[in-house]
Amino acid sequence: MPPVSHATSESRGAGRWLLRFEVHLPCADEALWPAVTTPEGLRTWLAEADVLERRLGGAVTLRLRGGGPSVSGRVTAWDVERVAEYTVTGHGRIRFHLERVGTDSTVIRFLNERTGTEEERLDALAAWHHHFELLEAALQGHPADRPHWNDARWAELRASYAAFSGT
């Protein structure tokens, strides 16, 4: 199974969406945990963490890659080496649930519960997919400061999600 496969999404009514990814990565969960829970790790694939209080209720401020705006929120779930969840303005609830598979493989069960239009749902699916590709590259020793965010790749992914969704 490829590390990053197409996500699924479901409507929660009135412009609310639940996006789901299952990402299989060939690394131990101990190596993956810092990538989703530390400023140093997040910087390699997702965002600059201007503030990240690593505890339930802690503050979070992320400056998104590619010149995106800063978003702030709280740590809304925290189970060390297993679950990290951030709820941030404009992006909703972002949950990383790590599950060990054997000794050297991990599955991320990722959820993003958010609001938005159908177009924003497709944008978010493509963006998360591309971010998970950057995470895979970072874990293989190629952090996002080398393979920069690629607008062409994002557009390709967005088109595939639109076709996949039948829109």
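Arg-114 is buried (under 20% relative accessible area with a 1.4 Å probe, protein chains only), yet Arg-114 has no salt bridge. A salt bridge would need a side-chain nitrogen of Lys or Arg within 4 Å of a carboxyl oxygen of Asp or Glu. The nearest side chain of opposite charge, Glu-120, is 6.9 Å away. Lys and Arg count as positive here, Asp and Glu as negative; His and the chain ends are not counted.

This is a predicted model, in which local features need pLDDT of at least 70 and side-chain atom pairs pLDDT 80 or more, while totals for chains, interfaces and linings use all residues. Residues are numbered from 1 along each chain as its sequence is written, and side-chain values use heavy atoms, without hydrogens or water.

What does the side chain of Arg-114 make a polar contact with? Its partner is the side chain of Asn-112, at 2.8 Å. Beyond four places in sequence, Arg-114 is in contact (heavy atoms within 4.5 Å) with residues including Trp-17, His-91 and Trp-128.

Trp-128 also belongs to the largest nonpolar core, which has 40 residues. Such a core joins buried Ala, Val, Leu, Ile, Met, Phe, Trp, Tyr and Cys residues through side-chain atoms within 4.5 Å. Helix 3 (residues 118-139) gives the most to this core, with 7 residues. Phe-132 is among the residues with the most contacts inside the core. Leaving out residues up to four places away, Phe-132 touches Phe-21, Trp-45 and Ile-108, among others.

Now the whole chain. Buried residues make up 44% of its 167 residues. Along its principal axes, the C-alpha trace spans about 40 × 35 × 30 Å.

Note on methods:
Buried means under 20% relative accessible area, exposed over 50%, partly exposed in between (1.4 Å probe, protein chains only). Helices (H or I, at least four residues) and strands (E, at least two) are DSSP runs, numbered from the N terminus. A polar contact is a pair of N or O atoms within 3.5 Å; within protein, one must be able to donate a hydrogen and the other to accept it, and residues adjacent in sequence count only if both atoms are side-chain atoms.
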